[in-house]
Every structure is written in C-alpha cells, then in structure tokens.
Amino acid sequence: MPKDLRLPFDPIARAGELWRARWGASSQHTAMVTATSIMRVQQLLLGEFDAIAGRHGLTFARYEALVLLAFSREGRLSMGRIGERLMVHPTSATNIVQRLAAQGFVDRIANPADRRGALAVITDTGRAAMEATTADLEAAEFGLGMLSSEEQGRLFSLLRGVRVANGDFVEARAAHDR
C-alpha cells in the first residue's frame with residue numbers, strides 16, 4: 001500500500017459512517033474507526049522506519065534487535081530473551097539474529113547457561129549501523145513530528161492502557177519500566 005494516497009476523502013471515516021448506517025448508532029463504529037486508524041498509522045510508521053533502516057542495511061525489526069542488544073548490560077542476549085523483549089516468537093528472534101549475523105552485525109556464540117542455545121552479541125559494525133539508524137529516526141521524529149510532545153505523551157498513555165488491558169505487561173511492574 002503506497003504511503004501517500006492523496007485520496008479526496010478519509011476512507012476510514014467513510015467506513016465508520018457506513019458501519020453506523022448498517023449496524024446503528026449503538027454499534028461500535030467509533031471503536032472500529034479508532035482501531036482501523038491505529039492499524040493504518042502502524043503501516044505508515046513501519047513503512048517509514050523500514051525505509052530509514054534500509055539505508056543502513058537493516059529492517060526495523062533487525063534494528064530493534066540491535067538496540068535491544070546495545071541496551072543489554074553485556075551487549076549479548078539469548079534468543080529466548082530477544083524474542084520475549086521484542087514480543088515475537090522465538091523462531092522469529094532466531095531468524096532476525098541469523099540475518100544480522102550474516103551481515104556481520106552480530107556474532108552468535110555458545111550460551112554457557114544452555115548448551116543447546118546461543119547468545120547474540122552485537123559487533124562494532126552492528127553498533128555503528130544501529131547508531132546511524134537511530135540518528136536518522138531521531139531526525140525524522142519517529143514519524144510523529146506533526147504531533148506536539150504533549151500530544152505524543154497523551155497518545156502513548158492511551159495506547160498503554162490498551163496494552164495493559166490486554167496483558168502486555170503487569171501494571172505494578174510498569175512503574176519500574178518508566
């Protein structure tokens with residue numbers, strides 16, 4: 001789906017009108033247009049992030065893995081921990097790390113705590129690609145420059161409530177995470 005459609009109307013708002021006409025004023029038309037808008041914004045942001053990361057030989061998913069490794073105490077994590085923190089299936093984490101290793105952005109080493117497993121270790125080349133991508137994402141204001149800092153904070157808070165309600169994390173631990 002192209003990013004810049006330049007449609008003469010908002011197709012999501014129109015879908016909301018049709019939804020309400022079909023299922024009535026008491027239907028969940030507002031929830032539907034809100035959820036659909038979130039999904040469209042996700043498509044737009046991911047497209048922009050992948051394009052930015054692509055300039056440095058990465059996808060956004062691989063960039064996220066590099067950031068996670070850079071944030072770790074020793075610059076290394078197990079596949080299971082990477083999958084958990086990126087909120088992806090362990091197989092996806094392994095695939096991401098294999099691709100990063102093929103590019104020289106991470107090394108895979110034996111996990112001394114689990115003889116069957118491996119650790120991903122960020123390399124200097126990986127750290128440089130991650131830093132360059134981060135600088136470009138910062139310059140692009142993560143695709144949210146049209147919103148004020150206050151609006152971004154409110155949006156984060158609203159979406160965080162959805163994540164908590166869906167069990168993304170336990171609210172009591174969330175105070176630590178801030």
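This short presentation describes the sheet, the salt bridges and one surface patch of the structure shown above.

Good morning, colleagues. Please bear in mind throughout that this is a predicted model.

I begin with the sheet. Three strands form an open sheet in the order β1-β3-β2, and their pairing is antiparallel. The edge strands are β1, residues 76–78, and β2, each of which pairs on one side only. From one strand to the next, the twist averages 30°.

Let us take the two pairings in turn. Strand β2, residues 106–111, and strand β3, residues 114–122, are joined in the antiparallel sense over 6 bridges. These two strands form a hairpin, with 2 residues between them. Within this part of the sheet, alanine 110 stands opposite alanine 118 in β3. On the other side, β1 and β3 pair in the antiparallel sense over 3 bridges, and here arginine 76 stands opposite valine 121 in β3.

A helix accompanies the sheet. Helix α3, residues 60–71, lies across β1, β2 and β3 and runs at about 95° to β3.

I turn now to the charged side chains. Side chains of opposite charge can pair when their charged atoms come close. How many salt bridges does a search of the whole structure find? The search finds 9, and I shall describe some of them.

In helix α1, glutamate 17 and arginine 14 meet through their side chains at 3.2 Å, N to O. The two are 3 residues apart, and therefore separated by about one helical turn. Glutamate 17 is partly exposed at 47% relative accessibility, and arginine 14 is partly exposed at 40%.

Helix α7, residues 149–165, holds a pair 4 residues apart, arginine 154 and glutamate 150, again separated by about one helical turn. Their salt bridge has an N to O distance of 2.9 Å. Arginine 154 is partly exposed at 46%, whereas glutamate 150, at 57%, counts as exposed.

A further salt bridge joins glutamate 171 and arginine 160 at 3.2 Å, N to O. Because glutamate 171 lies in helix α8, residues 171–177, and arginine 160 in helix α7, this pair ties together parts that are 11 residues apart in sequence. Is arginine 160 buried or exposed? At 11% relative accessibility, arginine 160 counts as buried, while glutamate 171 is partly exposed at 36%. In addition, salt bridges that share partners join Arg81, Glu84 and Arg85 into one network.

Finally, the surface. Leu5, Leu7 and Phe9 make a nonpolar patch of about 270 Å². Phenylalanine 9 lies in the segment before α1, residues 11–23, and is partly exposed at 48% relative accessibility.

Thank you for your attention.

How values were computed:
Residues numbered from 1 in each chain as written. Predicted model: local features only at pLDDT ≥ 70, side-chain atom pairs only at ≥ 80, totals over all residues. Heavy atoms only, no water. Patch = residues over 30% accessible without salt bridge, like charges linked within 9 Å, V, L, I, M, F, W, Y side chains within 5 Å. Areas by Shrake-Rupley, 256 points an atom, 1.4 Å probe, with all protein chains shown as cover. Salt bridge = Lys/Arg side-chain N within 4 Å of Asp/Glu carboxyl O. Buried < 20%, exposed > 50% of the residue type's maximum accessible area, 1.4 Å probe, protein only. Pairing = 2+ DSSP bridges. Axes fitted to C-alpha atoms, helices over the stretch in contact; angles between N-to-C directions. Contact = heavy atoms within 4.5 Å.
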